Amino acid sequence: AIIRSVWRNKVPLGVGRMYFSSSVPTTKLFIDGKFIESKSSEWIGIHNPATNEVIGQVPKATQEEMLAAVNSCTKAFHSWSATSVLTRQQIFLRYQQLIKDNLKEIAKLITLEQGKTLADAEGDVFRGLQVVEHTCGITSLMLGETLPSITKDMDTFTFRMPLGVCAGIAPFNFPAMIPLWMFPMGMVCGNTYLMKPSERVPGATMLLAKLLQDAGAPDGTLNIIHGQHDAVNFICDHPAIKAISFVGSNQAGEYIYERGSKNGKRVQSNMGAKNHGVVMPDANKENTLNQLVGAAFGAAGQRCMALSTAILVGEARAWLPELVEKSKKLRVNAGDQPGADLGPLISPQARTRVCELIQSGVDEGASLLLDGRNVQIKGYERGNFVGPTILANVKPSMKCYTEEIFGPVLVVLEAESLDEAIEMVNRNPYGNGTAIFTTNGATARKYTHEVDVGQVGVNVPIPVPLPMFSFTGSRGSFRGDTNFYGKQGIQFYTQIKTVTSQWKEEDATLKSPAVVMPT
Ligand code: NAD
């Protein structure tokens, strides 16, 4: 009901009437169970990417506010970690229902701030919701191990214990899903959580925080701060924070991994990508081309698992004209417009960067078979739109291949054989995701075994694992030891305590000190 009333006024929740400017709402901090106005003098504009209108302001939280947030987490940890696991499970059972009930409202807010289409925004919430649903199995997920009778009257067992205060730093491209990879997993294990959403899309996290409070999460178990570098440095440096989950670019991810690790924290860092789709000539052509086009241009290519690079093997090279024709048919429009297949890029800077990378391909000799740079959307002339773009005859040395473009640009390379394609993929420094399209089981098996990439699809273009598995990007796309969500997520957010206990019969009392190492 609160969300609905908030939406009636077109003001996202956690965003109240502002006093910073006369017409633009401000995003609140969430500290110790209260949505509070920041006292910061530094604010960042939130823009609707389809129009570039300023739709909100987000503060760079002050040091005092960040300290208050982490202190609230520290204070709440004592009681939260001692709360029965069944109580925590009940809260997350209520939470998943509340997310379902409000899924469309959250999606609308994502489209407004991030630009993706409404249908895609609903998918964003849904994939995060699945992680919350998975946390409801915590009573099984957190089980330890036991080995009875390791010697006479002696048993050994392990507990999975929470770490303390954990923190999450999120990117702009999945405003609901990625925060939901973070705080629900951390909290259900008994940790308290400090969240820093992307300063470009904070609204969904604020709504999700309100719903978690409504589900019964006690004050202080989740705190939210906003900002950029200072907030990130605060998280990397504060001694009370024991673990950091980061998702975003390599530049930020490497930095946070180094700084957090140096300060003795666990860090898991999911970063950039260059995902290859290998198209074999025996593949089902219609299916493959449709999947490739959807996975290259969906969400305007702003997915870490976007299939941004195609390798056409052997006779599949002849499929290029059809690939172009299918791509041309996609409809570019504001995300809330009916029939839109892809929306705008996040910012004018992102648009400029993507256009420059397209031009670099042309300058280095690639063939521009489809150029989306001059797309004009009626009624949205100021939006950050780029239409589907295809660069063919791309060579591995070109900048459009070596850099993650993060826009609706498909770069196409060619290979004579499967071996050559595998070698090409394995030479690329990223290891987030890849897909092979084939009807030959032996080809698929060879590819899945020999390709050095953490997530592989066979006739599945965006193989993001469901939460009973983990998100297993590798090589240049990941730093850390344990991945996000699934069993690995539980490992990341817990430490093991091993207990060895002996209960002897009364007449077995030691007669003298045991000075020799027990064997
Ligand atoms: P980003 O790195 O710019 O921002 C991510 C977070 O880091 C934000 O909260 C931001 O405030 C902070 N940040 C930004 N620059 C920083 C810096 N120099 N130092 C410290 N902190 C900084 O990323 P983005 O543009 O929001 O997201 C897009 C990137 O995220 C792409 O590279 C994409 O591939 C990647 N991504 C990866 C995954 C994955 O699971 N591997 C998922 C989604 C997105």
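Buried means under 20% relative accessible area, exposed means over 50%, and partly exposed is the range in between. Keep that scale at hand for the exercises below, which all use a predicted model.

**Exercise 1. Decide whether Leu466 is buried, partly exposed or exposed, and find the surface patch it belongs to.**

Step 1: Start with the accessibility. Leu466 has 36% relative accessibility, so it counts as partly exposed.

Step 2: Place the residue in the fold. Leu466 sits in the loop that runs between strand 21 (456-458) and strand 22 (474-475).

Step 3: Look for its partners. Together with Met468 and Phe469, Leu466 makes a nonpolar surface patch of about 310 Å².

**Exercise 2. Describe how the protein surrounds the ligand, and list side chains with polar atoms close to ligand atoms.**

Step 1: Take the surroundings. The ligand has 27 residues around it, and the closest are Ala170, Glu199, Ser249, Met271 and Glu404.

Step 2: Turn to the ligand's oxygen atoms. The side chain of Glu199 has an N or O atom 2.7 Å from an oxygen atom of the ligand. For Asn270, a polar side-chain atom is 3.0 Å from a ligand oxygen atom.

Step 3: Add a nitrogen atom. A polar side-chain atom of His229 lies 3.3 Å from a nitrogen atom of the ligand.

Step 4: Finish with the area. On its own the ligand exposes 840 Å², and the protein buries 90% of that.

**Exercise 3. Among the 25 salt bridges in the structure, examine three pairs and say how accessible their residues are.**

Step 1: Begin with Lys116 and Asp124. Their side chains form a salt bridge with an N to O distance of 2.9 Å, and both residues are buried.

Step 2: Move on to Glu416 and Arg317, whose closest N and O atoms are 3.3 Å apart. Glu416 is in the loop between strand 18 (409-415) and helix 15 (418-427), while Arg317 is in the loop between strand 15 (309-313) and helix 12 (320-328), so this pair ties together parts that are 99 residues apart in sequence. Glu416 is exposed because its relative accessibility is 57%, and Arg317 is partly exposed at 27%.

Step 3: End with Asp452 and Arg475, a salt bridge of 3.5 Å from N to O. Asp452 is in the loop between helix 16 (441-450) and strand 21, and Arg475 is in strand 22, so the pair ties together parts 23 residues apart in sequence. Asp452, at 39%, is partly exposed, and Arg475, at 26%, is partly exposed.

**Exercise 4. Which residues are linked with Arg479 in a network of salt bridges?**

Solution: Glu254 and Glu258 are linked with Arg479 in this network.

How values were computed
Residues are numbered from 1 along each chain as its sequence is written. This is a predicted model: local features need pLDDT of at least 70, side-chain atom pairs count only at pLDDT 80 or more; totals for chains, interfaces and linings use all residues. Side-chain values use heavy atoms; hydrogens and water are left out. Patches are made of residues with over 30% relative accessible area and no salt bridge: like charges are joined within 9 Å, nonpolar side chains (Val, Leu, Ile, Met, Phe, Trp, Tyr) within 5 Å. Accessible areas come from the Shrake-Rupley method with a 1.4 Å probe; for residues, only the protein chains shown count as cover. A salt bridge is a side-chain nitrogen of Lys or Arg within 4 Å of a carboxyl oxygen of Asp or Glu. Helices (H or I, at least four residues) and strands (E, at least two) are DSSP runs, numbered from the N terminus. Buried means under 20% relative accessible area, exposed over 50%, partly exposed in between (1.4 Å probe, protein chains only). A residue is near a molecule or strand if one of its heavy atoms lies within 4 Å of it. A polar contact is a pair of N or O atoms within 3.5 Å; within protein, one must be able to donate a hydrogen and the other to accept it, and residues adjacent in sequence count only if both atoms are side-chain atoms.
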